[in-house]
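Trainee: I would like to learn how to read a protein model step by step. Could you guide me through one?

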Amino acid sequence: MTTFNVTSEFLLDNEPFKIISGALHYFRVHPDYWEHSLYNLKAMGCNTVETYIPWNLHEPKEGEFDFSEGRDINKFITLAEELGLYVIVRPSPFICAEWEFGGLPGWLLNYPDMIYRTTDSLFLEKVAPFYHEILKRLKPQQVTEGGPILMLQVENEYGSYGNEKEYLRSLVKMIKDEGITVPLFTSDGSWDETLRAGSLVEDGILATGNFGSKAAENFSNMQAYFDEKNVEMPMMCMEFWDGWFNRYNEPIIRRSPQEFAEVLEEMVSLGSLNFYMFQGGTNFGFMNGCSSRGLKRLPQVTSYDYDALLTEWGDPTEKYKLAQAILSKYSPVSEPRVLGKTSGSGQLTKATNLFDVLDKISTPQHVMYPKTMEAFDQYYGYILYRTTVYSAKKEQRGLLMGAQDRVHIFVNQKLVKTLYQEELLTDFMLDMEIGDNQIDILVENMGRVNYGPLLQSEGQRKGIQRGFMMDIHFESDWTVYTLPLDNIEKLSNDASCDGEKAGHFYHYDVMLNEVADTFLDITEFGKGVAFLNGVNLGRYWNVGPIGYLYIPAPLLREGDNKLVIFETEKELPQTISFKDHPVYIETENQDNFKKPTAPI
């Protein structure tokens with residue numbers, strides 16, 4: 001049986017072992033493509049694959065666990081083992097990863113007194129069942145039991161959030177109590193303050209660093225901390241940032257392949273590393289996360305291409321070729337694989353107005369005052385609030401209190417206001433009819449913050465937290481329609497399209513040249529979400545920088561394919577395009593954008 005130990009260096013079967021790993025998130029790649037991506041990882045010269053395990057993916061509702069199909073982490077690990085790869089897993093309660101809520105499940109928000117990522121007894125009580133369910137599945141796949149798992153993470157960049165060592169020790173105890181015997185590790189920034197706050201080297205837990213450049217300097221900082229603590233540990237960069245993530249209305253961040261290669265050559269000569277990302281993949285569904293700058297929330301895009309070594313759709317890049325040339329000095333390499341692409345079009349067959357189908361896709365619930373999305377056991381998507389108000393004049397002042405994130409206000413089913421972020425902090429004027437008026441407020445949850453101090457903030461609760469004011473009083477007596485959009489098969493067959501009403505569901509028949517990967521061109525769209533053959537492809541928004549939604553071939557079928565688009569901003573065309581290449585949009589912020597140099 002293989003042994004793996006952590007001393008002043010990594011020892012595999014008592015021989016020095018340099019970990020050359022790549023991050024590949026099983027939850028961002030279609031399961032039919034896991035083998036393809038893992039093969040290309042091995043072909044580039046890596047000996048290990050690393051993945052996070054998001055809590056919210058596997059326990060979407062409290063007490064309900066899901067490890068089926070694309071959530072089958074054991075199958076992913078088995079495929080890696082069959083290809084001769086070792087595995088590093090990171091099943092922390094919090095993962096960041098530019099993922100919705102940093103991996104925390106939305107239902108935690110139903111416990112308003114809970115303090116995340118601390119020894120708060122309620123938080124640890126909720127972590128325990130998740131750890132039990134996931135760790136009992138990982139236990140048989142440890143190297144100590146004949147499997148490929150080398151190491152397991154305790155917490156993720158905790159030194160950038162807190163410094164409560166007893167919290168980290170509580171997680172270590174939970175992990176070991178579930179039978180995990182492989183070495184444990186933490187990963188943090190490589191400077192003194194984050195290592196001091198987030199590591200447990202004094203307990204013999206390996207500390208690794210996250211950085212994208214200046215390998216010698218960063219490893220030197222880590223060594224100085226180890227020397228101070230009088231511990232011997234190997235040098236490892238757990239996140240070698242070879243690219244960066246992207247957000248709406250900001251230009252795409254690219255990293256020079258040549259500069260990346262220079263850093264890689266230095267880093268691999270000095271220690272072990274994990275490419276973050278090897279392949280970024282896609283934030284399917286509503287799983288794109290949200291970062292922040294100060295108090296401003298900055299939602300991330302559906303694509304998680306990351307300018308990584310493999311593209312979002314799994315093709316080798318120039319970085320891949322440069323990395324392969326460098327890694328060939330350390331391990332065998334081989335020719336990578338490339339997947340086919342196709343193009344085609346979709347023809348509009350009907351457009352159904354949201355108001356006309358509300359009762360088909362949502363059950364109305366009556367409340368005296370608005371409540372948040374989470375209060376209705378809904379965590380993603382949209383929610384609509386409806387009431388009737390009396391107006392004695394043609395214009396009224398309105399104000400929304402505690403609305404998150406993007407709001408469309410309708411008076412008598414006519415769109416009159418679209419509000420977002422700062423616009424939601426001030427009052428506004430509404431055109432009214434004298435007498436009774438129907439008010440509809442459609443609220444979109446655009447993603448929860450996944451990094452920094454806003455991780456635990458009121459803005460993480462979506463929908464309307466307090467209420468809607470007309471004149472100077474709160475309006476009462478509301479009907480609420482939850483719209484997670486997980487049941488679009490219930491949509492009416494009746495076609496109706498009134499451009500002044502709420503968002504529309506546009507139905508297209510899709511004709512493609514063949515069954516292969518393709519890209520839905522969204523440059524003529526406004527804002528919304530798309531479903532292909534019932535699968536949520538993710539959000540789109542024409543503010544850029546991404547002008548497409550990636551569609552992996554396994555989601556397509558020969559012959560008739562059905563695309564449904566929920567669009568909230570504009571009328572969509574009769575014919576839409578599918579391309580055999582990605583499409584990009586120049587953003588309004590192109591000129592004044594500054595590339596980040598650290599996680600934000």
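Mentor: We will take a helix, then the nonpolar cores, then some salt bridges, and finally an annotated span, keeping in mind that this is a predicted model.

Trainee: Let us begin with helix 8, then: how far apart are its end C-alpha atoms, and does that distance agree or disagree with what its residues should span?

Mentor: The check rests on a rise of 1.5 Å a residue, so the 14 residues of helix 8, which runs over residues 257-270, should span 20 Å, and the end C-alpha atoms are indeed 20 Å apart, which agrees.

Trainee: Which residues of helix 8 are buried, and where do they sit around the axis?

Mentor: The general idea is that an α-helix has 3.6 residues a turn, so residues three or four places apart point the same way. In helix 8 the buried residues are P257, F260, A261, V263, L264, M267 and V268. Their arc around the axis is only 165°, which puts them on the same side of helix 8.

Trainee: And what covers the buried residues of helix 8?

Mentor: The cover includes strands and helices from several parts of the chain: strand 4 (20-24), strand 9 (206-211), strand 10 (236-241) and strand 11 (272-279), together with helix 7 (215-229) and helix 9 (318-327).

Trainee: Turning to the largest nonpolar core, which of its members touch the most other members?

Mentor: This core has 150 residues, and those that touch the most other members are F123, L138, M151, F275 and L485. Its largest share, eight residues, is supplied by helix 4, which covers residues 121-138. Apart from this core lies another one, made of 24 residues and including Y385, I409, L419 and L424.

Trainee: What is F275 in contact with, leaving aside its neighbours within four places in sequence?

Mentor: Among the contacts of F275 are I20, M44, C46, F240 and L309, and also F260 and L264, two residues that we met in the list of buried residues of helix 8.

Trainee: How many salt bridges does the structure hold, and how should I read one of them?

Mentor: As a general idea, side chains of opposite charge can pair when their charged atoms come close. The structure holds 40 salt bridges, and in one of them the side chains of R448 and E100 meet at 2.6 Å, N to O. This pair links distant parts of the chain, 348 residues apart, with R448 in the loop between strand 21 and strand 22 and E100 in the loop between strand 6 and helix 4. Both partners are buried, R448 having a relative accessible area of 0% and E100 one of 1%.

Trainee: How many residues apart in helix 4 are K136 and E133?

Mentor: K136 and E133 are three residues apart in helix 4, which means that about one helical turn separates them, and their side chains meet in a salt bridge at 3.4 Å, N to O. K136 is partly exposed, with a relative accessible area of 40%, whereas E133, at 15%, is buried.

Trainee: Which residues are joined with K165 into one network by salt bridges that share partners?

Mentor: Start with the salt bridge between the side chains of E202 and K165, at 3.2 Å, N to O. E202 lies in the loop between helix 6 and strand 9, while K165 lies in helix 5, so the pair ties together parts that are 37 residues apart in sequence. The network joins K165 with E166, R169, E202 and D203.

Trainee: Finally, which residues does the UniProt annotation cover?

Mentor: The unreviewed UniProt entry gives residues 505-561 the annotation "domain: Beta-galactosidase galactose-binding". In the model, this span is 0% helix and 53% strand, and its end C-alpha atoms lie 16 Å apart.

How values were computed: Residues are numbered from 1 along each chain as its sequence is written. This is a predicted model: local features need pLDDT of at least 70, side-chain atom pairs count only at pLDDT 80 or more; totals for chains, interfaces and linings use all residues. Side-chain values use heavy atoms; hydrogens and water are left out. Helices (H or I, at least four residues) and strands (E, at least two) are DSSP runs, numbered from the N terminus. The expected span of a helix is 1.5 Å times one less than its number of residues. Buried means under 20% relative accessible area, exposed over 50%, partly exposed in between (1.4 Å probe, protein chains only). The arc is that of the directions from the helix axis to the C-beta atoms. Contact means heavy atoms within 4.5 Å. UniProt positions are given in the numbering used here, feature names are shortened, and annotations may be inferred rather than shown by experiment. A nonpolar core is a set of buried Ala, Val, Leu, Ile, Met, Phe, Trp, Tyr and Cys residues joined through side-chain atoms within 4.5 Å. A salt bridge is a side-chain nitrogen of Lys or Arg within 4 Å of a carboxyl oxygen of Asp or Glu.
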